[in-house]
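Trainee: I am new to this structure and would like a close look at a single part of it. Please take one residue as the starting point and work outwards from there.

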Amino acid sequence: MLPVLNSALLSGLPPDASVLDVGCGGGHLLLQSAEAHPSMRLTGVDLDRSQVARAKSRSQHLKRRLDVAVASALELPYEEAVFYAVVSIASIKHWPDPAGGMREILRVLRPGGRLYVVEVFAECTIEDVSAFLSTLPVPRWLQPVVAPQMRKLLQTGWTFQAAEALARELGIVDATVERPEGPPAIALSGAKPR
Ligand SMILES: C[S@@+](CC[C@H](N)C(=O)[O-])C[C@H]1O[C@@H](n2cnc3c(N)ncnc32)[C@H](O)[C@@H]1O
C-alpha cells in the first residue's frame, strides 16, 4: 500500500542479514528489497493465503532467497532471536492484539535487532491526503471527492500517542515515532534491548 522502502534500515545491515516482513501482502517490499540487497535473506508472513500466493508467484525467479508463509503476526512460526530486522507496513491496525504482535516481533528479533513498523496516520489533515493523492495517478478532478473519503478511512490508523505508548510498554530501545516523507503514515522504529 505504501511506497516505503526503508533503505536506511536495510543498508545498515550485514549483506546476508535475515529480514522479516509481517503482513507482507503481495510482497512488494520484499521484492524491492531483494532487488536492492541481493544476498539478504528475506522472509514474509501474511494471514491471507491469496496474498501469500501472489507474493510467491511474483518472486518465483528469486525463490531461493524469498520465503513467504501464511501465519499470524500474533504467532510467528520462527525461533527466538533469528532476524536482524523486522518490518511491517500498513498491517498492525488489522491485528486483533497489536501489543501481542509487537511482542512476537521482539521475540524473533536478535538482541539489538531493528524494527520498523508503519501504519496509516489517523490524524492526517485533508491537505496531507490531497498532497499524497497528487503523487498518484488519480485524475485531478476526482481528488476533491476521493480526499475526504480517504481521510475518513485513515482515521482507523495509528496516532503518535498510540505508537509511543506501545514503544514504552514494550521497552523498545532508541524508539522514534515519525511521519515518513510522502505517504499519510506514521512509523515506529527502534531496537530490541541487547
Ligand atoms: C494493507 S495490507 C498491507 C500489505 C503490505 N504490507 C503492503 O504494504 O503492501 C495489510 C496486510 O496485513 C495482513 N494482515 C492482517 N492481519 C494480519 C495478522 N494478524 N497477521 C498477519 N498479517 C495480517 C493482511 O492480510 C494484508 O495483507
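Mentor: Leaving out residues up to four places away in sequence, D67 touches L42, T43 and G44. This is a predicted model, and the description that follows should be read with that in mind. D67 belongs to strand β3, which covers residues 66-70. With a relative accessible area of 43%, D67 is partly exposed. K56 lies eleven residues from D67 in sequence, and the C-alpha atoms of the two are 8.0 Å apart in space.

Further along the chain comes the loop between β3 and β4, where A81 is found. The backbone of A81 has a phi near 60°, which is a positive value in a residue other than glycine. A81 has 33% relative accessibility, so A81 counts as partly exposed.

A second alanine can be set beside it. A90 has a phi near 55°, again a positive value in a residue other than glycine. The place of A90 is the loop between β4 and α4. At 16% relative accessibility, A90 counts as buried, because the cut-off for buried is under 20%. S91 lies in the loop between β4 and α4 too. S91 is buried, at 10% relative accessibility. Not counting residues up to four places away in sequence, the contacts of S91 are V22, G23, V118 and E119.

That loop leads to helix α4, which takes in residues 98-108. Helix α4 is mostly covered, as eight of its eleven residues are buried. Those buried residues are A99, G100, G101, M102, E104, I105, L106 and V108. What do the buried residues of α4 pack against? Their partners are β1 (18-22), β4 (83-89), β5 (109-120), α7 and β7 (185-191).

One of the buried residues of α4 deserves a separate word. E104 sits in helix α4, and its relative accessible area is 12%, which makes E104 buried. Once its neighbours within four places in sequence are left aside, E104 is in contact with A73, L74, E75 and L76.

Among the partners of α4 is helix α7, made up of residues 160-170. The axes of α4 and α7 come within 11 Å and cross at roughly 50°. That angle makes α4 oblique to α7. The crossing in which α4 passes α7 is right-handed. On the α4 side the contact is made by A99, M102, R103 and L106, and on the α7 side by L166, E169 and L170. Sorted by class, this contact of α4 with α7 has five nonpolar residues, no polar ones and two charged ones. Of the α4 residues in this contact, A99, M102 and L106 are also listed among the buried residues of the helix.

A second helix pair can be described in the same terms. Helix α5 runs over residues 126-133 and helix α6 over residues 143-154. Their axes come within 9 Å and cross at roughly 120°. The two helices α5 and α6 are therefore oblique to each other. The crossing of α5 past α6 is right-handed. From α5, the residues that meet α6 are I126, V129, S130, F132 and L133. From α6, the residues on the other side are Q143, V146, A147, P148, M150, R151 and L154. By class, the contact of α5 with α6 has nine nonpolar, two polar and one charged residues.

The cysteines come last. How many disulfides does the structure hold? The number is zero. C24 is buried, with a relative accessible area of 8%. C124 is buried as well, and its relative accessible area is 2%.

To go back over the route, the starting point was D67 in strand β3, with its contacts to L42, T43 and G44. From there the path went through A81 in the loop between β3 and β4, and then to A90 in the loop between β4 and α4. It went on to α4, where eight of eleven residues are buried.

Methods: Residues are numbered from 1 along each chain as its sequence is written. This is a predicted model: local features need pLDDT of at least 70, side-chain atom pairs count only at pLDDT 80 or more; totals for chains, interfaces and linings use all residues. Side-chain values use heavy atoms; hydrogens and water are left out. Axes are lines fitted to C-alpha atoms, for helices over the stretch in contact, and angles run from 0 to 180 degrees between N-to-C directions. Helices (H or I, at least four residues) and strands (E, at least two) are DSSP runs, numbered from the N terminus. Angles under 35 degrees count as roughly parallel, over 145 as roughly antiparallel, 65 to 115 as roughly perpendicular and the rest as oblique. A crossing is left-handed if the near helix is turned anticlockwise from the far one by less than a right angle, and right-handed if clockwise. Contact means heavy atoms within 4.5 Å. Ala, Val, Leu, Ile, Met, Phe, Trp, Tyr, Cys and Pro count as nonpolar, Asp, Glu, Lys and Arg as charged, and the others, Gly among them, as polar. A disulfide is a pair of cysteine sulfur atoms within 2.5 Å. Buried means under 20% relative accessible area, exposed over 50%, partly exposed in between (1.4 Å probe, protein chains only).
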